[in-house]
Amino acid sequence: MLNSISSLDRTDIAILRVLQAEGRISNVELSDRVHLSPPATLARVRRLEEEGYISGYAAMLNREKLGHDNLALIEIALELHQHERIAEVLDRLVAMPEVLECYHVTGEYDYMIKVSTVNNRALDHFIATRLIPLPGIARIHTSIVLKALKQTTQLDLPEP
């Protein structure tokens with residue numbers, strides 16, 4: 001059963017707002033920001049993690065600084081919609097380190113993936129040797145990202 005934001009109080013929402021903006025904040029500083037004692041704050045954070053409101057913590061890396069100058073959005077249409085074939089394709093797609101995100105979408109294509117490579121040559125190699133050979137792929141459409149205008153992982157939460 002999915003949890004609902006309506007089951008969260010103002011303090012829970014305040015904690016989530018701070019953590020999604022500043023994941024490395026200390027518990028003491030977080031407790032000051034949400035006006036709770038450190039033990040009470042830690043208990044709430046642990047509960048939010050256990051209930052699945054917080055699914056993890058990660059450092060956001062700078063792709064370009066790490067040599068990944070190419071970002072592409074690739075739409076994939078499958079030939080067959082047989083459950084076993086789809087599962088096989090998806091398992092292989094999500095296992096590829098170049099694939100940052102994978103979505104099942106509506107419209108002309110079945111899936112959209114976000115792919116990071118070092119350059120266009122690496123992207124071409126990825127498509128030719130990794131995507132096209134996948135069984136059941138009917139069509140692939142690639143869009144290269146020229147400039148990211150907004151990138152965030154922060155959800156729009158109500159004011160606490």
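**Figure 1. The open sheet and its strand order.** In this predicted model, four strands line up as an open sheet of 4 strands, in the order β2-β3-β1-β4. The pairing is antiparallel. At the edges you'll find β2 (99-104) and β4 (137-144), each of which pairs on one side only. Going from one strand to the next, the twist averages 20°.

**Figure 2. Two helices against the sheet.** Start with helix α4, made of residues 83-95, which packs on the sheet. Helix α4 touches β1 (70-78), β2, β3 and β4, and its direction makes about 155° with that of β2. Then look for helix α5, residues 120-131, which lies across β1, β2, β3 and β4. Helix α5 runs at about 20° to β1.

**Figure 3. A closer look at β2 and β3.** Here the edge strand β2 meets strand β3, residues 111-117. The two pair in the antiparallel sense, over 5 bridges. To follow the pairing by eye, find H104, whose bridge partner in β3 is Y111. Another spot to check is C102, which stands opposite I113 in β3. The hairpin of β2 and β3 has 6 residues between the strands. In that hairpin sits G107, which takes a positive phi near 105°.

**Figure 4. A charge over a ring.** This view zooms in on R139 and Y109. The charged end of R139 sits over the ring of Y109, 4.9 Å from the ring's centre. R139 falls within the span of β4 (137-144). As for rings pairing with other rings, the count comes to 0 aromatic pairs, taking ring centres within 6.5 Å as the cut-off.

**Figure 5. Where α1 crosses α3.** Two packed helices are described by the angle between their axes and the distance between the axes. Here are both values for helix α1 (residues 10-21) and helix α3 (residues 38-50): their axes come within 11 Å and cross at roughly 80°. That makes α1 roughly perpendicular to α3.

**Figure 6. The residues between α1 and α3.** Which residues make the contact of α1 and α3? On the α1 side, they are T11, D12, I15, L16 and L19. From α3 come T41, R44, V45, R47 and L48. Sorted by character, the residues of this contact divide into 5 nonpolar, 2 polar and 3 charged.

Note on methods
Residues numbered from 1 in each chain as written. Predicted model: local features only at pLDDT ≥ 70, side-chain atom pairs only at ≥ 80, totals over all residues. Heavy atoms only, no water. Phe/Tyr/Trp six-rings, centres within 6.5 Å; stacked < 30°, edge-to-face > 60°. Lys NZ or Arg CZ within 6 Å of the ring centre and 35° of its normal. Pairing = 2+ DSSP bridges. Axes fitted to C-alpha atoms, helices over the stretch in contact; angles between N-to-C directions. Contact = heavy atoms within 4.5 Å. Parallel < 35°, antiparallel > 145°, perpendicular 65-115°, else oblique. Nonpolar A, V, L, I, M, F, W, Y, C, P; charged D, E, K, R; others polar.
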